[in-house]
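Please look over the sequence and the structure shown below before reading on. The report is written for someone meeting this structure for the first time.

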Amino acid sequence: VEQTLILVKPDGVARGLSGEILRRIEAKGYSVTGLRMFTPDRELLAAHYAEHEGKPFYEPLIEFMSSGPVVAIRAEGHRVIEGFRSLAGTTDPTGAAPGTIRGDLGRDWGLKVQQNLVHGSDSTESAERELSLWFA
Ligand code: ATP
């Protein structure tokens, strides 16, 4: 059965939305099989976001993601990777469809798309890689 890594980013935790986001994952029918809450260090984030190294938003993104606790979730179910990305909505919360996590709960707080509440792995390869980082 497929697994994915979901993160409630520091903005989601700070706004008290971890429970609501977990609720939506479970209400969709996926199983939560792992749960950790901690403030990630730069080393973990550099590995997680390796593909973005050198981009203009990379440093601010690492700063933001290490600014406070995140909730790391291992979720399981047939096609959970695609299913969670659909639940999350598009990267930019301003235009994300109502009904999605980002569309219902997110907005632009002045940094475009940085604070978009959640992360979800985008392929089986990245899910495997990311789960080994966050659930080492
Ligand atoms: P995620 O992988 O987090 O679900 P995504 O696949 O929709 O998001 P990516 O393009 O992989 O988005 O970017 C990773 C994260 O980096 C985004 O979720 C967002 O927090 C941040 N980000 C991406 N582009 C920008 C940008 N132009 N300015 C600021 N932050 C950005």
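What follows goes from the whole chain to the surroundings of the ligand and then to a few single residues.

## The chain as a whole

The model is predicted, and its overall scores are an ipTM of 0.89 and a pTM of 0.96. Averaged over the protein chain the pLDDT is 98, and 100% of the residues score at least 70.

Seven helices and four strands make up the secondary structure of the protein chain, and along the sequence these elements come in the order β-α-α-β-α-α-β-α-α-β-α. The protein chain has a radius of gyration of 14 Å, close to the 14 Å that the globule rule gives for 136 residues, so it is as compact as a globular protein of that length. Taken along the principal axes, the box that the C-alpha atoms fill is roughly 35 × 35 × 25 Å. Of the 136 residues, 33% count as buried, and among the contacts with a separation of 6 or more, 68% join residues that are 24 or more positions apart.

The UniProt record, in an unreviewed entry, lists residues 1–136 as "domain: Nucleoside diphosphate kinase-like". In the model this span is 41% helix and 18% strand, and its end C-alpha atoms lie 20 Å apart.

## Around the ligand

Which residues are around the ligand? They are Phe 57, Leu 61, Thr 91, Leu 111, Lys 112, Val 113, Gln 114, Asn 116, His 119, Gly 120 and Asp 122. By type, this shell divides into four nonpolar, five polar and two charged residues.

The UniProt record, again in an unreviewed entry, gives Lys 9, Phe 57, Arg 85, Thr 91, Arg 102 and Asn 116 under "binding site". Phe 57, Thr 91 and Asn 116 appear in that list and also among the residues around the ligand.

Thr 91 sits in the loop that runs between helix H5 (80–88) and helix H6 (101–105), while Asn 116 belongs to the loop between H6 and strand S4 (118–120). Is Asn 116 buried or exposed? Asn 116 has 26 C-beta neighbours inside 10 Å and therefore counts as buried, since 20 or more are needed for that. Thr 91, by contrast, is exposed, because it has 11 other C-beta atoms within 10 Å and the limit for exposed residues is 12 or fewer.

Once residues up to four places away in sequence are set aside, Thr 91 touches Val 113 and Asn 116. Asn 116, with its neighbours within four places likewise left out, is in contact with Thr 91, Pro 93, Arg 102 and Gly 106.

## Two residues in helices

Val 13 is placed in helix H1 (residues 10–14), and Gly 19 is found in helix H2 (residues 18–28). Leaving aside neighbours within four places in sequence, the contacts of Val 13 are Val 8, Ser 18, Gly 68, Pro 69, Val 70 and Val 71. Val 13 and Thr 91 are 78 residues apart along the chain, and their C-alpha atoms are separated by 18 Å; for Gly 19 and Val 1, which are 18 residues apart along the chain, the C-alpha separation is 24 Å.

The table sets out the C-beta neighbour counts of the residues discussed here.

| Residue | C-beta neighbours inside 10 Å | Class |
|---|---|---|
| Val 13 | 19 C-beta neighbours inside 10 Å | partly exposed |
| Gly 19 | 10 C-beta neighbours inside 10 Å | exposed |
| Thr 91 | 11 other C-beta atoms within 10 Å | exposed |
| Asn 116 | 26 C-beta neighbours inside 10 Å | buried |

Notes:
Residues are numbered from 1 along each chain as its sequence is written. This is a predicted model: local features need pLDDT of at least 70, side-chain atom pairs count only at pLDDT 80 or more; totals for chains, interfaces and linings use all residues. A residue is near a molecule or strand if its C-beta atom, placed from the backbone, lies within 6 Å of it. Ala, Val, Leu, Ile, Met, Phe, Trp, Tyr, Cys and Pro count as nonpolar, Asp, Glu, Lys and Arg as charged, and the others, Gly among them, as polar. UniProt positions are given in the numbering used here, feature names are shortened, and annotations may be inferred rather than shown by experiment. pLDDT is the predictor's confidence in each residue, from 0 to 100. The radius of gyration is taken over C-alpha atoms; the globule rule is 2.2 Å times the number of residues to the power 0.38. Two residues are in contact if their C-beta atoms, placed from the backbone, lie within 7 Å.
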